[in-house]
Amino acid sequence: MSLELVCPAGTPAALRAAVEAGAHAVYCGFRDETNARNFPGLNFSPAELAEGIRFAHARGVRVLVAVNTFATAGAMEPWRRALAAAEDAGADAVILADLAVLDHAARHHPGLRLHLSVQAAAATPEAIGFYADAFGVKRVVLPRVLTVEEIAALNRAVTVETEVFVFGGLCPMAEGRCALSSYATGRSPNLSGVCSPPEHVVYEDDAGGRTARLGGFAIERTAPDEPAGYPTLCKGRFVAEGRTTHLFEDPVSLNAAGLVGRLAAAGVTALKIEGRQRGKGYVAEVVRTFRAVVDAVEAGRDPVAAERLLAGLVEGGRQTAGAYRKTWR
């Protein structure tokens, strides 16, 4: 089975860019709280999704719709509407995390193919088997905490497809289990679809440099000539034991291009590129590079120098293979 390259589409323009750059599939979401990338200026209306799917299908590309936040108790209607709208638009699959949403989809939309979001944080054969048996899930997006060897062992023990991240921002937590942002802002990606929501972000400039604040808390302070990133609690610099350092995670991007062959041998079905908050130029360049990597691996050709080609697009100017090569636990 060939590897499927699953690419981000935060806007209709990014969807077209990903398709034209060589994506096998794109993933996107609606402009509401059902989508874990619920940021202003991004995402799709039902009509825009239907048009995007027509465009992609005409070029042989699949469209996966993320309805991957956790529903609010007593207020399931937005998630029900999102599932119905995705099916009406002709989505090839929906990406879900919440048990209630999975149950509703399995009962009321039996024609929809179900993928398990990384937000569900399923990383054992037992957990994955539960979702497959209970709801008919066909594919699981694995958390970014496993080595290649662990992924291979997992694939030998499960009957569903697996999808792994190969490029983009890294999350230091097990996805779906992080509420760090809510301590500063009252909102988190799991329930509200946003990590460090922009209405809580403030940049303050003075003679000494720039201070980035989230919910009133100073997250990062940079010198006047130093690039300032988007302030999230997990990537801020804090003073601890007399040292100022990134306590949780350094700003660095995942780039597993050099491991695509090993991931394929480990039984992975699909490779995911993170970046629904990115523009169409970024999406096109990353997708084009990774499509060349996949084609080279499948044809047995020389590897593509993806690290060099994508060096200008990575967060913090640094790349890592992340947990895929980790020696710690």
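Me: A crossing of two helices is right-handed if the near helix is turned clockwise from the far one by less than a right angle, and left-handed if it is turned anticlockwise. Which hand does the crossing of α2 and α3 have?

Reply: Happy to start there, and please keep in mind that this is a predicted model. Helix α2 and helix α3 (residues 77–89) have their axes 9 Å apart and pack at an angle of about 35 degrees. At this crossing, P46, L49, A50 and I53 in α2 meet A85, A86 and A89 in α3. As α2 passes α3, the crossing is right-handed.

Me: How is α1 oriented relative to α10, roughly parallel or roughly antiparallel?

Reply: The axes of helix α1 (residues 12–21) and α10 come within 8 Å and cross at roughly 25 degrees. Angles under 35 degrees count as roughly parallel. The orientation of α1 to α10 is therefore roughly parallel.

Me: Which residues of α10 do A13, A14, A17, A18 and A21 of α1 meet?

Reply: Helix α1 passes α10 in a right-handed crossing. On the α1 side, the residues in contact are A13, A14, A17, A18 and A21. Their partners in α10 are K280, V283, A284, V287, R288 and R291.

Me: What covers the buried residues of α1?

Reply: The buried residues of this helix are A14, L15, A17, A18, V19 and A21. A14, A17, A18 and A21 also take part in the contact with α10. The cover includes β1 (4–8), β2 (25–29), α2 (46–57) and α10.

Me: What value does phi of G22 take, just after α1?

Reply: Helix α1 covers residues 12–21, and G22 comes just after α1. Its phi is positive, at about 120 degrees.

Me: Now to the rings. Why is the pair of F130 and Y131 edge-to-face?

Reply: A search of the whole structure finds 5 aromatic pairs. The ring centres of F130 and Y131 are 5.4 Å apart and their planes stand at 70 degrees. Planes over 60 degrees apart count as edge-to-face, so the geometry of F130 and Y131 is edge-to-face.

Me: Which residues do ring pairs link into a cluster?

Reply: F130 is partly exposed, with a relative accessible area of 43%. Y131 is buried, at 11%. Ring pairs link these two residues with one further residue, and the cluster is made of F130, Y131 and F135.

Me: How many residues apart are F167 and Y282, which link distant parts of the chain?

Reply: The rings of F167 and Y282 have their centres 6.5 Å apart and their planes at 40 degrees, so this pair is tilted. F167 is buried, with a relative accessible area of 1%, and Y282 is buried too, at 11%. F167 sits in strand β7 (residues 161–169) and Y282 in helix α10 (residues 280–299), and their separation along the chain is 115 residues.

Me: Which residue lies over the face of Y282?

Reply: One charge over a ring is found at F165, where the charged end of R144 sits 3.9 Å from the ring centre. At Y282, the residue over the face is 4.5 Å from the ring centre, and that residue is R278.

Me: Which residues does T232 touch, not counting residues up to four places away in sequence?

Reply: T232 is found in the loop between β10 (217–222) and β11 (237–240). Its relative accessible area is 13%, so T232 counts as buried. Leaving out residues up to four places away in sequence, T232 touches C195, S196 and I219.

Me: Is E241 buried or exposed?

Reply: E241 lies in the loop between β11 and β12 (243–246). Its phi is near 50 degrees, a positive value in a residue other than glycine. With a relative accessible area of 85%, E241 is exposed.

Me: And is N43 buried or exposed?

Reply: N43 is found in the loop between β2 and α2. Phi of N43 is near 85 degrees, which is a positive value in a residue other than glycine. Its relative accessible area is 2%, so N43 is buried.

Conventions:
Residues numbered from 1 in each chain as written. Predicted model: local features only at pLDDT ≥ 70, side-chain atom pairs only at ≥ 80, totals over all residues. Heavy atoms only, no water. Phe/Tyr/Trp six-rings, centres within 6.5 Å; stacked < 30°, edge-to-face > 60°. Buried < 20%, exposed > 50% of the residue type's maximum accessible area, 1.4 Å probe, protein only. Helix = DSSP H or I, 4+ residues; strand = E, 2+ residues; numbered from the N terminus. Lys NZ or Arg CZ within 6 Å of the ring centre and 35° of its normal. Axes fitted to C-alpha atoms, helices over the stretch in contact; angles between N-to-C directions. Parallel < 35°, antiparallel > 145°, perpendicular 65-115°, else oblique. Contact = heavy atoms within 4.5 Å.
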